[in-house]
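User: Hi! Could you walk me through this one? I'd like to go over it piece by piece.
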Amino acid sequence: MKIATFNVNGIKSRLPNLLEWLQREQPDVACLQELKALDGVFPQAELREAGYHALWKGQRSWNGVAILTRGGEAVEIRRELPGDPGDEQSRYLEAAVDGIVVACLYLPNGNPQPGPKFDYKLSWFERLLQHAQALWRSRHPVVMAGDWNVVPTDFDIYNPRSWRKDALLQPESRACWERLLGQGWTDAIRKLHPQEAIYTFWDYFRQHWEKNSGLRIDHLLLSDELSSCLQAAGVDTWVRGQPHASDHAPTWVQLDLGRLAGRPR
DNA sequence: ATGCCTTGTACAACAAGA
């Protein structure tokens, strides 16, 4: 099973790019972020035509997440990250797909920092830590996939100097990430490619794509059960080089679910 | 220190992204 995460940066404007990627790479599950669209204009029919069922949670102008599945339909588990009923930003969607729990998340950017947006980022991350702990203890096979807006280490960015004050590199953001790994989760890309500079985002400024000046901020974290199923992980960088591309590239894992305990081979 | 570029909203110019 191939599970991917892709920050599309506007699903209406990005639909041709999204459809081309789905057709070429055929992910079984695709977690999308930054739909930037209300629920009513989500391109359900076009995606259905391409062979994908969808769950989505939109919002006007900003945020918005979706889970696409090929073959079986995803069964929605929750549409909000627990812990703050007053949080109205569409950043979390969780579903069961073929016996796996898929959490699609869009962690707040947090800039400028310090300030209220950075406070929101950290409090959102605290809520995620709480919920991740519950998911871990459930012992279900879980993948948490999305745009985490965290550059885990200085190895995950082309040059940390000019980003030192950015919310994505702050020690507080990285400490939350480390605490998550401390719960036991596997950072799939790093597990399989420990020595390789791998990026998932290249901003639109300063010809950063052309110079490969990227950041690794889109991540897939695997629970214990799923980490033993991990066969391959990568980034579909060709998508970033297409005309009219998102500033993120799809990031994915290939899992051999036959290795799950209790499953027929 | 700021803009760089892009999207959405709405139709000018700003908010937000990272």
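**Contacts with the DNA**

Analyst: Happy to. Let's start at the DNA: a polar backbone atom of Ser-61 sits 3.5 Å from a phosphate oxygen of DNA strand B. Please keep in mind that this is a predicted model.

User: Nice. Which polar side-chain atoms lie by a phosphate oxygen or a sugar or linking oxygen of DNA strand B?
Analyst: Ser-13 has a polar side-chain atom 3.5 Å from a phosphate oxygen of DNA strand B. With Lys-117, a polar side-chain atom is 3.4 Å from a sugar or linking oxygen of that strand.

User: And how many residues surround DNA strand B?
Analyst: There are 27 of them, and the closest are Glu-34, Asn-109, Phe-205, Arg-206 and His-244. Of the atoms of DNA strand B that come within 4 Å of the protein, 67% belong to sugar and phosphate.

User: What's the polar, nonpolar and charged split of that surface?
Analyst: The surface near DNA strand B has 10 polar, 9 charged and 8 nonpolar residues. Helix H1 (residues 11-25) contributes the largest share, with 3 residues.

User: Arg-206 was in your list. What is its phi?
Analyst: About 55°, so a positive phi although Arg-206 is not a glycine. Arg-206 is in the loop between helix H5 (188-192) and strand E10 (218-222), and at 53% relative accessibility it counts as exposed.

User: Where else is phi positive in a residue other than glycine?
Analyst: Asn-149 is one such residue, with phi near 50°. Asn-149 lies in the loop between strand E8 (142-147) and helix H4 (171-182). In contrast to exposed Arg-206, Asn-149 is buried, with a relative accessible area of 5%. As background, most residues other than glycine have a negative phi, and most peptide bonds are trans.

User: Speaking of peptide bonds, which ones are cis?
Analyst: One joins Asn-111 and Pro-112, with omega about -5°. Another runs from Gln-113 to Pro-114, with omega near -5°. Pro-112 is in the loop between E7 and helix H3 (116-138), and Pro-114 is in the loop between E7 and H3 as well.

User: Switching topic: what does the largest nonpolar core look like?
Analyst: The largest nonpolar core has 34 residues, and those with the most contacts inside it are Ile-3, Ile-67, Val-102, Val-143, Leu-226, Val-253 and Leu-255. Strand E7 (residues 100-106) gives the most to this core, with 4 residues. In general, nonpolar side chains tend to be buried together in soluble globular proteins.

User: What does Leu-226 touch?
Analyst: Setting aside residues up to four places away in sequence, Leu-226 touches Ile-100, Pro-141, Val-142, Val-143, Leu-255, Leu-257 and Leu-260. There is also a second, separate core of 25 residues, which includes Leu-81, Ala-103, Trp-124 and Trp-185.

User: I'm curious about the acidic side chains. Is Asp-156 buried or exposed?
Analyst: Asp-156 counts as buried because its relative accessibility is 1%, and the limit for buried is under 20%. Asp-156 is in the loop between E8 and H4. Apart from residues up to four places away in sequence, Asp-156 touches Val-151, Arg-190, Tyr-199, Gly-214, Leu-215 and Arg-216.

User: And Asp-187, where does that one lie?
Analyst: Asp-187 is in strand E9 (residues 186-187). Asp-187 is buried too, with a relative accessible area of 9%. Leaving aside neighbours within four places in sequence, its contacts are Trp-177, Leu-181, Arg-216, Leu-220 and Leu-221. So Arg-216 is in contact with Asp-187, and Arg-216 is also touched by Asp-156.

User: What about Gln-26? Which side chain does it make a polar contact with?
Analyst: The partner is Arg-70, side chain to side chain, at 2.8 Å. Gln-26 and Arg-70 are 44 residues apart in sequence, and their C-alpha atoms are 8.2 Å apart. Beyond residues up to four places away in sequence, Gln-26 touches Trp-21, Tyr-52 and Arg-70. Gln-26 is in the loop between H1 and strand E2 (29-33), and counts as partly exposed at 35% relative accessibility.

User: Last one: what domain does UniProt list?
Analyst: The unreviewed UniProt entry lists "domain: Endonuclease/exonuclease/phosphatase" for residues 4-248. In the model, that span is 27% helix and 23% strand, and its end C-alpha atoms lie 12 Å apart.

Conventions:
Residues numbered from 1 in each chain as written. Chains lettered and ligands numbered in written order. Predicted model: local features only at pLDDT ≥ 70, side-chain atom pairs only at ≥ 80, totals over all residues. Heavy atoms only, no water. UniProt positions renumbered as here; feature names shortened; annotations may be inferred. Helix = DSSP H or I, 4+ residues; strand = E, 2+ residues; numbered from the N terminus. Core = buried A, V, L, I, M, F, W, Y, C linked by side-chain atoms within 4.5 Å. Buried < 20%, exposed > 50% of the residue type's maximum accessible area, 1.4 Å probe, protein only. Contact = heavy atoms within 4.5 Å. Near = heavy atom within 4 Å. Polar contact = N/O pair within 3.5 Å; in protein donor to acceptor, adjacent residues only side chain to side chain. Nonpolar A, V, L, I, M, F, W, Y, C, P; charged D, E, K, R; others polar.
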